[in-house]
Amino acid sequence: MDMADAGPQTYLYGCELTSGKEVRFAPEEDDVEHQLSIRMVCVDPSTKDDLHLVEVEGVGSEGNKVTAVLAALKPSTTPSVCVGGFEISPPVVFRLKSGTGPVHISGQHLVMMPSFDDEEMEEEEEEEEEEAVVNSLKRMAPAAMRPLKKVKMEEEDEDDDDDDEDDEDDDEDEEEEESPVKPKKTPSKPQTPAQNGKSHKPGTPTAKQQKTATPDKKKGNKDAQAFKVPQTPPAARTPPTVADMKAKMMASVQKGVSLPKLQPKFENYMKNTFKVTDSKTIEELWKWRQTVEGK
């Protein structure tokens, strides 16, 4: 299951109020959001038959302290009150404004787990694709360089063979020039003409040798061109619009995730989740958030 679809973690909450005793609910974890949902307020069997007013103190929308009566109980007439759906963000303080108690409060402690938005998931997928492309290029590079080395070695071998043949022809010519001609008594035989009436020119490479070097160079150029791999330009990212952010927040609310009810926490939520830094956009979304009742 993805973290975005996990929803809030729910824990049991309960406390007991007596005269002169306050109960404070203020978790110290800052990386996650906490919320308290009160379900029922009731008296104890040992509670005196007097009027008991349960008071709750919290933080208002402007950051000021707000005090309100949560329930009015009397053992003989109203021993318990169901306040299902009463949700409040910490810090919260419960106390008895009147009566001696004991009075019990029960409910649920909700912990909002951090969620990953669509943009972060897309960024991770793009990074994985880029790494795959880089690894494939690294595997292709040695294979493309091998033909170039082979062609280069063949050209050097052919050049060496041509030089050896030229040296042999030059040595034969020098030996013919240095050796003196000895007269013979017998009539000299006519020299045999060169085959097909053509004389061999020393030091001149044959046409077959000249042709063999040309295709090897073309082959090397083609292999060098094939080694070049085009690079894929990075895709441009479009920032989310106000309508998109509203739609994503409403989808999270429908899944059971509550939005921050305090403006400072809401601003941090927008910066961390949607990467929004524009104060006007955050102010517009905060006004919209106040219109979403009970979320």
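These are my notebook entries on the strands, helices and two buried residues of one predicted model.

**Entry 1: the overall layout**

I started with the whole chain. I found five helices and eight strands in the protein. Next I read along the sequence to get their order. The pattern is β-β-β-β-β-β-β-β-α-α-α-α-α. I then looked up burial. Of the 295 residues in the protein, 24% are buried. I also checked contacts with a sequence separation of 6 or more. Residues 24 or more positions apart account for 80% of these contacts.

**Entry 2: the sheet with β3**

Which strands make up the sheet that holds β3? I traced the order β1-β8-β3-β6. It is an open sheet of four strands, and the pairing is antiparallel. I looked for the edges next. They are β1 (9-17) and β6 (80-88). Each edge strand has a single partner strand, so one side of each lacks a neighbour in the sheet. The twist from one strand to the next averages 20°.

I then followed one pair inside this sheet. β3 pairs with strand β8 (residues 103-112) in the antiparallel sense. I noted 10 bridges for this pair. His34 stands opposite Val111 in β8.

**Entry 3: Ser37**

I picked one residue of β3 to look at. Ser37 is found in this strand, which covers residues 33-43. Is Ser37 buried or exposed? It counts as buried, because its relative accessibility is 0% and the cut-off for buried is under 20%. I listed its contacts, leaving aside neighbours within four places in sequence. Ser37 touches Phe86, Glu87, Gly107 and Gln108. I checked the ranges of the strands: β6 spans 80-88, and β8 spans residues 103-112.

**Entry 4: the sheet with β4**

I moved to the other sheet on my list. This open sheet of four strands runs β2-β7-β4-β5 in order, with antiparallel pairing. Where are its edges? They are at β2 (23-25) and β5 (65-73). Each has a single partner strand, so one side of each is left without a neighbour in the sheet. Here the twist averages 25° from one strand to the next.

I looked at the pair β4 and β5 more closely. These two strands run antiparallel and are joined by eight bridges. Val54 stands opposite Ala71 in β5.

**Entry 5: Glu55**

Glu55 is found in strand β4 (residues 52-59). I looked up its accessible area. Glu55 is buried because its relative accessible area is 12%, and buried means under 20%. Which residues does Glu55 contact, leaving aside neighbours within four places in sequence? I wrote down Thr67, Ala68, Val69, Leu70, Val93, Phe94, Arg95 and Lys97. I also took one distance. Glu55 and Ser98 are 43 residues apart in sequence, and 9.1 Å apart in space from C-alpha to C-alpha.

**Entry 6: α3 with α4**

I turned to the helices. Two packed helices are described by the angle between their axes and the distance between the axes. Helix α3 (residues 242-254) and α4 pack at an angle of about 105°, and their axes are 13 Å apart. That angle makes α3 roughly perpendicular to α4. I listed the residues that meet. From α3 they are Met245, Lys248 and Met249, and from α4 they are Phe266, Tyr269, Met270 and Phe274. I sorted them by type: six nonpolar, no polar and one charged.

**Entry 7: α3 with α5**

At what angle do α3 and α5 pack? The angle is about 40°, with the axes 11 Å apart. That makes α3 oblique to α5. The crossing is right-handed. On the α3 side, the contact uses Val242, Met245, Lys246, Met249 and Met250. On the α5 side, it uses Thr281, Glu284, Leu285 and Trp288. These residues divide into six nonpolar, one polar and two charged.

**Entry 8: α4 with α5**

One helix pair was left on my list. Helix α4 (residues 263-274) and helix α5 (residues 279-291) have axes that come within 10 Å and cross at roughly 120°. So α4 is oblique to α5. Their crossing is right-handed. From α4 I listed Gln263, Phe266, Glu267, Met270 and Lys271. From α5 I listed Ile282, Glu283, Leu285, Trp286 and Arg289. The contact holds five nonpolar, one polar and four charged residues.

Conventions. Residues numbered from 1 in each chain as written. Predicted model: local features only at pLDDT ≥ 70, side-chain atom pairs only at ≥ 80, totals over all residues. Heavy atoms only, no water. Buried < 20%, exposed > 50% of the residue type's maximum accessible area, 1.4 Å probe, protein only. Contact = heavy atoms within 4.5 Å. Axes fitted to C-alpha atoms, helices over the stretch in contact; angles between N-to-C directions. Parallel < 35°, antiparallel > 145°, perpendicular 65-115°, else oblique. Left-handed = near helix turned anticlockwise from the far one by under 90°. Nonpolar A, V, L, I, M, F, W, Y, C, P; charged D, E, K, R; others polar. Pairing = 2+ DSSP bridges.
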